[in-house]
Amino acid sequence: MSSVATHEFEMPVPGLDAGVAAVLETPADAVAAYVFAHGAGAGMRHAFIAETAAMLHGEHIATLRYQFPYMQAGGHRPDPPARLERTVRAAIATAGTMLPGVPLFAGGKSMGGRMTSQAAASEPLSGVRGLAFLGFPLHPPKRPGTTRARHLADVTVPMLFIQGTRDDLADLDLIQGVCTGLGGRATLHVVDGGDHSFKVLKRSGRTQPDVMNEIRDTMSAWLRQHAS
């Protein structure tokens, strides 16, 4: 594994009096960078996000993780979508400035990925070559539907969806239909037995390291493909 430079800082966000915490982690030989947004219930230091970032570093992929304003303030209710999307744009602009020449990608876990896609749908994200979603939240639990995916038709860059077969926020048949409808822009990778957090049952015969390695390999291959 290559050495990784870590830079923790406060990231300014337009319209906010105070910035939000962010951490940029950069392998010396980075071939791409992933701007990584957290989900609704846990911040950028959540174990899954931190582990995924560390595994990507081993694949020579830099990451910029950051807090949404409500999480920075210690709140539990997510900010309005417009503020979340402004934060996404600020993070991408920051990554572009701090990593000149490195191919940029964006997305995140659950809500973070969805807010990134909504921002991209309303206006292309400067310099971003593709979006990668870790558990796209297609619908609320036990309320299957595809309304949350309508904006994806307006996203112009390639998209990677990594989804568990037991995800209660994304019925597998529905997410498969969404990706089919997006045509060549969408790649769907299904994690067998994974729930919304990519946890698997013991009886599946799979371990969590197995799952994390699968996610790492899938993301690394896709990011490298679109970085070249």
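Visitor: Before we get to Tyr70, what counts as a helix here?
Guide: In this predicted model, the elements are read off as DSSP runs. To be called a helix, a run of H or I has to reach at least four residues.

Visitor: Which helix holds Tyr70, then?
Guide: Look at residues 69–72, a run that makes the list as a helix. Tyr70 sits in that one, helix H2.

Visitor: Is Tyr70 buried or exposed?
Guide: Buried means under 20% relative accessible area. Tyr70 falls under that cut-off, so it counts as buried, at 4%.

Visitor: Which residues is Tyr70 in contact with, leaving aside its neighbours within four places in sequence?
Guide: One group includes Gly75, His76, Arg77, Pro78 and Asp79, and Leu84 and Met111 are contacts too. Ala40 is 30 residues away in sequence, yet its C-alpha lies 9.7 Å from that of Tyr70. That residue is among the contacts as well, along with His38 and Gly39.

Visitor: Which helix gives the largest share of the largest nonpolar core?
Guide: That core has 48 residues, and Met11, Tyr66, Leu131, Leu152 and Phe161 touch the most other members. Met11, for one, is in contact with Tyr66, and also with Thr87, Ala90, Ala91 and Thr94. The largest share, six residues, comes from helix H3.

Visitor: And which element gives the most to the lining of the largest pocket?
Guide: The pocket holds about 330 Å³ of space, and of its 16 lining residues, those closest to the centre are His46, Phe48, Ile49, Lys109 and Ser197. Two elements give two or more residues to the lining, H1 (47–57) and H6 (208–227). With four residues, the top contributor is H1.

Key. Residues numbered from 1 in each chain as written. Predicted model: local features only at pLDDT ≥ 70, side-chain atom pairs only at ≥ 80, totals over all residues. Heavy atoms only, no water. 1 Å grid on protein atoms, 1.4 Å probe; cavity = no way out; pocket = protein on both sides within 12 Å on 5 of 7 lines; lining within 4 Å. Points joined across faces, edges and corners; volume = space filled by probe spheres on them. Buried < 20%, exposed > 50% of the residue type's maximum accessible area, 1.4 Å probe, protein only. Contact = heavy atoms within 4.5 Å. Core = buried A, V, L, I, M, F, W, Y, C linked by side-chain atoms within 4.5 Å.
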